[in-house]
Structures are given as structure tokens and as C-alpha cells.
Amino acid sequence: MNQSFGQLIREARKEKGFSQRELAKLIKLDFTYLSKLENDRADYPPKEDVIRSLARHLDLNEEELIFSAGRIPQRDEDFIKQHYKAMPALFRRMQENPDFAKRIFQEATQPENEENQG
């Protein structure tokens with residue numbers, strides 16, 4: 001089951017035993033904004049450095065959390081900009097053909113899965 005960004009951080013925060021105020025203080029964020037993030041009611045996603053700080057304090061994968069927030073990590077954004085002409089066709093093809101998207105995702109995660117097993 002896919003969780004929203006807010007659900008991910010709320011669940012991880014509770015598992016770590018942090019109150020919203022405690023976690024907000026650690027990452028130097030207003031606790032009301034953290035509350036909005038956890039309830040998926042924030043008007044905008046946090047900046048990449050805030051998401052990375054959240055991930056470090058909650059033992060979450062930084063890159064996955066950035067994507068979950070609807071952002072693209074800076075290094076990936078640079079890659080996308082370098083290949084901006086191919087990106088619309090790639091995303092359109094993945095949306096129109098779920099089997100193609102599934103193969104791309106499997107290929108992309110295969111080395112990581114092999115590293116984790118070996």
C-alpha cells in the first residue's frame with residue numbers, strides 16, 4: 001500500500017516516540033507546519049534539506065521521502081534538465097503502458113536488490 005508523504009512521516013515519528021513539537025524543534029521547523037505536512041494539508045512541500053533532515057531523524061530513505069513529497073532530488077533534477085526533450089515521451093509512455101513502466105522500474109531497482117541480497 002502506498003502511503004502519502006504525511007502518513008509516512010507521522011507513522012515514523014510515532015515509531016520513534018517523538019511528539020510533533022519535539023521533532024519540529026529538532027529539524028528547526030514550526031510545529032504547525034509539521035502538523036500540516038502530516039495531515040497532507042500543507043500548501044507546499046518542504047524544501048529538500050528539510051525533507052532530508054526529517055528522513056535522517058526518522059530513519060527513512062532520504063531519496064524516497066523526497067519523491068514522496070512530490071519533489072525531485074537536485075541531482076535527479078539536473079539529469080532531467082539534461083534530457084528534457086526525452087522526458088515527456090518517457091513519462092507519457094510509462095503512463096500509457098503499465099507493462100513498460102513495470103519493466104523500467106524492475107530494471108532500475110534490480111542492481112539495488114542484488115546489492116542488498118549479496
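These are my notebook entries on a predicted protein model, taken from what I looked up in its structure.

**Entry 1: overall layout**

I began with the secondary structure, and I found eight helices and zero strands in the protein, so that reading along the sequence gives the pattern α-α-α-α-α-α-α-α. I then looked at the extent of the C-alpha trace, which spans about 45 × 35 × 25 Å along its principal axes. For the surface I noted an accessible area of about 8700 Å², with 49% of that belonging to carbon and sulfur atoms. Of the 118 residues in the protein, 25% are buried. I also looked up the contacts between residues at least 6 apart in sequence, and 48% of these join residues at least 24 apart.

**Entry 2: the nonpolar core**

Which residues touch the most other members of the largest nonpolar core? I found that this core has 18 residues, and that Phe 5, Ile 9, Leu 29, Leu 34, Leu 54 and Leu 65 are the ones that touch the most other members. The elements giving two or more residues to the core are helix 1 (5-16), helix 2 (20-26), helix 3 (31-38), helix 4 (48-58) and helix 5 (62-68). Helix 4 gives the most, with five residues. As background I wrote down that nonpolar side chains tend to be buried together in soluble globular proteins.

I followed Leu 54 further and, not counting residues up to four places away in sequence, I found that Leu 54 touches Phe 5, Ile 9, Leu 23, Ile 27, Leu 34 and Leu 65.

**Entry 3: Ser 35**

Is Ser 35 buried or exposed? Ser 35 has its place in helix 3, and I count Ser 35 as buried because its relative accessibility is 18%, while the cut-off for buried is under 20%. Leaving aside neighbours within four places in sequence, I found Ser 35 in contact with Gln 20 and Arg 41.

**Entry 4: charges and salt bridges**

I looked up the charged side chains next, and the protein has 20 positive and 22 negative ones, with the centres of the two sets lying 6 Å apart. The count of salt bridges comes to nine.

I took Arg 52 as a starting point, and I found that Arg 52 forms a salt bridge with Glu 48, in which the closest N and O atoms are 2.9 Å apart. Arg 52 and Glu 48 are four residues apart in helix 4, so about one helical turn separates them. Arg 52 counts as buried at 19% relative accessibility, whereas Glu 48 is partly exposed, with a relative accessible area of 21%.

The side chain of Arg 52 also meets that of Glu 63 in a salt bridge, at 2.9 Å from N to O. Because Glu 63 lies in helix 5 and Arg 52 in helix 4, this pair ties together parts that are 11 residues apart in sequence. I noted Glu 63 as partly exposed, at 23% relative accessibility.

Which residues are linked with Arg 52 in a network of salt bridges? I found Glu 48, Arg 56, Glu 62, Glu 63, Arg 75 and Asp 76 linked with Arg 52 in this network.

**Entry 5: a pair in helix 6**

My last lookup was Lys 81, which forms a salt bridge with Glu 77, the closest N and O atoms being 3.3 Å apart. Lys 81 and Glu 77 are four residues apart in helix 6 (residues 74-82), and therefore about one helical turn separates them. Lys 81 counts as exposed at 51% relative accessibility, whereas Glu 77 counts as partly exposed at 28%.

Technical notes:
Residues numbered from 1 in each chain as written. Predicted model: local features only at pLDDT ≥ 70, side-chain atom pairs only at ≥ 80, totals over all residues. Heavy atoms only, no water. Buried < 20%, exposed > 50% of the residue type's maximum accessible area, 1.4 Å probe, protein only. Contact = heavy atoms within 4.5 Å. Areas by Shrake-Rupley, 256 points an atom, 1.4 Å probe, with all protein chains shown as cover. Lys, Arg positive; Asp, Glu negative; His and termini not counted. Charge placed at Lys NZ, Arg CZ, Asp CG, Glu CD. Core = buried A, V, L, I, M, F, W, Y, C linked by side-chain atoms within 4.5 Å. Salt bridge = Lys/Arg side-chain N within 4 Å of Asp/Glu carboxyl O.
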